[in-house]
Amino acid sequence: MKYCMKCGQLLSEKLIEEQVIPYCSDCDVLYFPRYNVAVSMIVRYQDEVLLIHQYQKPFPILVAGYVSQGEALEAACIRELKEETNLDAIKVTFLRSQYYEPSQTLMVNFEVLVDHPNFILNEEVEDAKFYPLEDALKVMKPTSLAYYF
């Protein structure tokens with residue numbers, strides 16, 4: 001961001017807690033970085049992990065989706081899982097997070113347990129399969145966030 005969203009003034013830089021932040025001296029406003037937030041899920045049924053194919057990509061990925069404004073992360077997991085697979089979460093547990101620079105998204109990963117493996121896919125998901133964990137790691141792209149999580 002180069003200009004103030006309120007007055008149009010060219011922004012300067014201000015050092016705040018060892019981070020350079022765009023600043024408008026006319027409005028006295030700091031413009032902290034903005035980014036998207038999404039959840040990704042290691043969906044488990046017993047000892048198997050659900051991987052999906054989307055967007056005609058060659059490698060399977062974890063179930064994931066963006067968090068709506070005002071939505072809790074756990075609620076986003078429950079909603080995205082239901083929307084994409086028609087599965088119900090019985091337990092949602094935070095695991096870890098990672099910033100994903102290409103889409104400026106903070107990815108927040110959870111383990112989600114389901115009580116049956118009978119998914120029904122929506123139009124966003126091309127294919128899905130439950131894999132034993134060892135097999136899941138073999139089919140995921142090793143440099144992907146899915147593999148990292």
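In the predicted model, Tyr23 stands opposite Leu30, a residue of strand β3. Strand β2, which spans residues 19-24, is joined to β3 by 2 bridges, and the two run antiparallel. These strands belong to an open sheet of 3 strands, ordered β1-β2-β3, with antiparallel pairing. Its edges are formed by β1 (12-16) and β3 (29-30), each of which pairs on one side only. Tyr23 also takes part in a contact with a charged group: Lys14 lies over the face of the Tyr23 ring, at 4.3 Å from the ring centre. A second arrangement of this kind involves Arg96, which lies over the face of Tyr148 at 4.1 Å from the ring centre.

Pairs of aromatic rings were examined next. Across the whole structure, a search finds 5 aromatic pairs. One of them consists of Tyr35 and Tyr99, whose ring centres are 6.0 Å apart; their planes meet at 85°, and the pair is therefore edge-to-face, since planes over 60 degrees apart are classed in this way. This pair links distant parts of the chain, for Tyr35 lies in the loop between β3 and β4 (36-45) and Tyr99 in strand β7 (residues 89-100), 64 residues apart. Tyr35 has a relative accessible area of 44% and is thus partly exposed. Tyr99 likewise counts as partly exposed, at 34% relative accessibility.

Another edge-to-face pair is formed by Phe94 and Phe110, with ring centres 5.9 Å apart and planes at 80°. Here too, distant parts of the chain are linked: Phe94 is in strand β7 and Phe110 in strand β8 (residues 105-114), 16 residues apart. At 46% relative accessibility, Phe94 counts as partly exposed, whereas Phe110, at 1%, counts as buried. The latter assignment follows because buried residues are those under 20% relative accessible area. In addition, a single aromatic cluster is made up of Tyr45, Phe119 and Phe130.

Phe119 is also among the residues touched by Thr85. Thr85 is located in helix α1, which covers residues 73-85. With a relative accessible area of 0%, Thr85 is buried. When residues up to four places away in sequence are not counted, Thr85 touches Leu50, Val63, Phe119, Ile120 and Leu121. The side chain of Thr85 further has a polar atom 2.6 Å from the backbone oxygen of Leu81.

Technical notes: Residues numbered from 1 in each chain as written. Predicted model: local features only at pLDDT ≥ 70, side-chain atom pairs only at ≥ 80, totals over all residues. Heavy atoms only, no water. Helix = DSSP H or I, 4+ residues; strand = E, 2+ residues; numbered from the N terminus. Buried < 20%, exposed > 50% of the residue type's maximum accessible area, 1.4 Å probe, protein only. Polar contact = N/O pair within 3.5 Å; in protein donor to acceptor, adjacent residues only side chain to side chain. Contact = heavy atoms within 4.5 Å. Pairing = 2+ DSSP bridges. Phe/Tyr/Trp six-rings, centres within 6.5 Å; stacked < 30°, edge-to-face > 60°. Lys NZ or Arg CZ within 6 Å of the ring centre and 35° of its normal.
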